[in-house]
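The following paragraphs consider a buried charge and its surroundings, and then two unusual backbone angles. Please keep the sequence and the structure in view while reading.

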Amino acid sequence: QVYLVESGGGLVQAGDSLRLSCAASGRTVRSYAMGWFRQAPGKEREFVAVISGISSSTLYADSVKGRFTISRDNAKNTVYLQMNSLKPEDTAVYYCAKARGQIRSMRSNEYDYWGQGTQVTVSS
């Protein structure tokens, strides 16, 4: 019903920047909170960032605060994650997800649709 397609991942050096995109279809991203999560090998999926529906309030994990920025382009129905000052610890598969409502959430169980993920690898 709802399709989320991530893109923009790749191999970069520490200190580089990367912008991930999440193109949505089937729903209007402006109406829902949209989040980014990531999962590194051998680890559980963790929250990265979220932008609320309508008001566009944002929330970030402490590990990325000040380096990453989440944004939304309503005309393109797309959510972005601008990643600056990348570190090797940021290496993971990054997933875009749609929440059930407008309110920001760090909890995976508040999201009902997920993209397939895009790989980000940061070398030292």
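In this predicted model, a polar atom of the E6 side chain lies 2.9 Å from the backbone nitrogen of Q116. The side chain of E6 also places a polar atom 2.7 Å from a second backbone nitrogen, that of C96. Both separations count as polar contacts, for which the cut-off is 3.5 Å.

E6 itself belongs to strand β1, which covers residues 3-7. This glutamate is buried and yet forms no salt bridge. R45 carries the nearest side chain of opposite charge, at a distance of 7.9 Å; because a salt bridge requires a separation within 4 Å, the pair formed by E6 and R45 does not qualify.

The surroundings of E6 can be described further. Neighbours within four places in sequence being set aside, E6 is in contact with S21, C22, W36, Y94, Y95 and C96, and also with G115, Q116, G117 and T118. C96 and Q116, whose backbone nitrogens were described above, are thus among the residues in contact with E6.

The backbone angles provide a second topic. I54, situated in the loop between β5 (46-51) and β6 (58-60), has a phi near 65 degrees, which is a positive value in a residue other than glycine. I54 is partly exposed, its relative accessible area being 41%.

S85 is likewise not a glycine, and its phi is positive, at about 50 degrees. This serine lies in the loop between β8 (78-83) and β9 (92-99). With a relative accessible area of 40%, S85 is partly exposed.

Terms used:
Residues numbered from 1 in each chain as written. Predicted model: local features only at pLDDT ≥ 70, side-chain atom pairs only at ≥ 80, totals over all residues. Heavy atoms only, no water. Helix = DSSP H or I, 4+ residues; strand = E, 2+ residues; numbered from the N terminus. Buried < 20%, exposed > 50% of the residue type's maximum accessible area, 1.4 Å probe, protein only. Lys, Arg positive; Asp, Glu negative; His and termini not counted. Polar contact = N/O pair within 3.5 Å; in protein donor to acceptor, adjacent residues only side chain to side chain. Contact = heavy atoms within 4.5 Å.
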